[in-house]
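Biologist: Could you take me through this structure, one question at a time?
Modeller: Gladly; here are the sequence and the coordinates.

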Amino acid sequence: MPGKNISRPVIRMSRRDGVVSTGKRSVPEEVPIAFSYGGSTHAVMMATPADLEDFATGFSLTEGIISGADEIDCIDVLDADRGFDVQVTLRDAQADALRLRRRHMAGPVGCGLCGIESIEQAVRAVPDVSDVRLGIDAETIATAMNALNGAQPLHHQTRAVHGAGFYVPEIGFIAVREDVGRHNALDKLTGAVLRSGHDGRDGVVVVTSRLSVEMVQKAAILGSAILVAVSAPTALAIETADAAGMTLIALARGEDFEVFTHFDRVTVDTAQAHFTS
């Protein structure tokens, strides 16, 4: 992949504890990333210029362009001056399906789809993961969140990016990806899991962001039935996770957390539990 820095030093003035000083700090880069299929640009995302092959694979899956990594023939990352053009070559059947899909799109708009189609896309049905038997306990939740915090070098350098990890109990993190956008971080993680040959049903998706409906949709498309986050979920995220059979764990900080859907996958010490309504 062509080289571009993922962070840069900038001059800043700081006021801390009443003391004013000047100096440098690192901030993350944010550049346009174009995803092109068959020579035509499909979408442009603002993102951290790292792990772009994973990003392209995960984006292709969560956007419904592919159903598996083997449907991509090759990925070429081209330097496009201020950003990157990620050229994705699909196998013949998928390329034909994408061309047909494009013909049914209404006129060219920045959001990709317009009118009623974009509304349907926003509230689309997600895969049913209710048959996934994976469970998790309180200790594993705390361990995973702590490990994710230690596996984000760009965040520690800049304090300005999100992280997403795929945690397999008794093994640890299979992959962790970072990006200025939480959705991008999860797409990169999805691509990394697919390209490594792992099954999303075998692990837990752990993220540093709040839980919007898109995060639930992407985790379900990956196949994971447990999604853990450091922040709270939205009402639609809870509704979507419940319908998909997904266990939604949020506000996971230290040994504390809250479970919003499908509690049966979470083991807690009932001897110490005090249930209130």
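Biologist: In what order do the four strands of the open sheet stand?
Modeller: The model is a predicted one, and in it four strands form an open sheet whose pairing is mixed. Strands β4 (40–47) and β5 (72–80) each have a single partner strand, so they stand at the edges and one side of each is left without a neighbour in the sheet. From one strand to the next the twist averages 20°. Read across the sheet, the order is β4-β3-β6-β5.

Biologist: Which residue of β6 is the bridge partner of Y37?
Modeller: Strand β3 covers residues 31–37 and strand β6 covers residues 83–90, and the two pair in the parallel sense over five bridges. In β6, the bridge partner of Y37 is V88.

Biologist: Which helix gives the most to the largest nonpolar core?
Modeller: The largest nonpolar core has 66 residues, and L90 is among those with the most contacts inside it, together with V205, L227, V228 and M246. L90 also touches, among others, Y37, I65, I72 and L98. With six residues, the helix that gives the most to this core is α6 (residues 182–196).

Biologist: Is K188 buried or exposed, and what is its relative accessible area?
Modeller: K188 has its place in helix α6, and the residues it touches include T48, D51, D54, E178 and D179. Its side chain reaches the backbone oxygen of A50 at 2.8 Å. Because buried means under 20% relative accessible area, K188 counts as buried, with a value of 0%.

Notes:
Residues are numbered from 1 along each chain as its sequence is written. This is a predicted model: local features need pLDDT of at least 70, side-chain atom pairs count only at pLDDT 80 or more; totals for chains, interfaces and linings use all residues. Side-chain values use heavy atoms; hydrogens and water are left out. Two strands pair if DSSP finds at least two bridges between them. Axes are lines fitted to C-alpha atoms, for helices over the stretch in contact, and angles run from 0 to 180 degrees between N-to-C directions. A nonpolar core is a set of buried Ala, Val, Leu, Ile, Met, Phe, Trp, Tyr and Cys residues joined through side-chain atoms within 4.5 Å. Buried means under 20% relative accessible area, exposed over 50%, partly exposed in between (1.4 Å probe, protein chains only). Contact means heavy atoms within 4.5 Å. A polar contact is a pair of N or O atoms within 3.5 Å; within protein, one must be able to donate a hydrogen and the other to accept it, and residues adjacent in sequence count only if both atoms are side-chain atoms. Lists of a residue's contacts leave out its neighbours within four places in sequence.
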